[in-house]
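Trainee: I'm new to this one. Could you take me on a close look at a single part, the nonpolar core, and what lies around it?

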Amino acid sequence: REPGHIMYNVVATSTEEAPEREAIDWVNAAAASLRRVDAERTYVNYLSVDDADAVARSYGPHFARLQTVKRCYDPDNVFHHNRNIPVDATGARTD
């Protein structure tokens with residue numbers, strides 16, 4: 001059976017001085033446990049890391065088509081201050 005589609009946002013907050021690493025680890029573990037029902041895709045604006053592979057996974061089968069559009073309308077990668085769709089396969093940014 002193929003996983004269904006759900007949308008979730010895992011958030012952890014703390015008022016203590018240094019539990020940030022623990023909170024980040026908890027969020028990552030919670031998100032990982034949910035991946036078995038979300039087919040490894042996520043809403044691109046929910047990505048907590050700026051990772052080219054994660055961006056590609058979030059768009060799934062549409063990523064290659066979006067890359068083609070980006071090459072056509074933004075070949076210099078001017079619009080890259082987001083979860084970037086790179087204009088080439090290297091994932092390079094033009095900062």
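Mentor: Here's a walk through the core, then a surface patch, then the whole chain. This is a predicted model, where local features need pLDDT of at least 70, side-chain atom pairs count only at pLDDT 80 or more, and totals for chains, interfaces and linings use all residues. Residues are numbered from 1 along each chain as its sequence is written, and side-chain values use heavy atoms, with hydrogens and water left out.

The largest nonpolar core has six residues: Val 44, Leu 47, Ala 54, Val 55, Phe 63 and Ile 85. A core here is a set of buried Ala, Val, Leu, Ile, Met, Phe, Trp, Tyr and Cys residues joined through side-chain atoms within 4.5 Å; buried means under 20% relative accessible area, exposed over 50%, partly exposed in between (1.4 Å probe, protein chains only). In soluble globular proteins, nonpolar side chains tend to be buried together.

Zoom in on Leu 47: setting aside neighbours within four places in sequence, Leu 47 is in contact (heavy atoms within 4.5 Å) with Thr 42, Ala 54, Val 55, Ser 58 and Arg 83.

Now Tyr 46, which sits in the loop between helix H1 (20-34) and helix H2 (52-59); helices are DSSP runs (H or I, at least four residues), strands likewise (E, at least two), numbered from the N terminus. Tyr 46 counts as partly exposed because its relative accessibility is 33%.

Stepping back, the protein chain has three helices and zero strands, running α-α-α from the N terminus. Of its 95 residues, 22% are buried.
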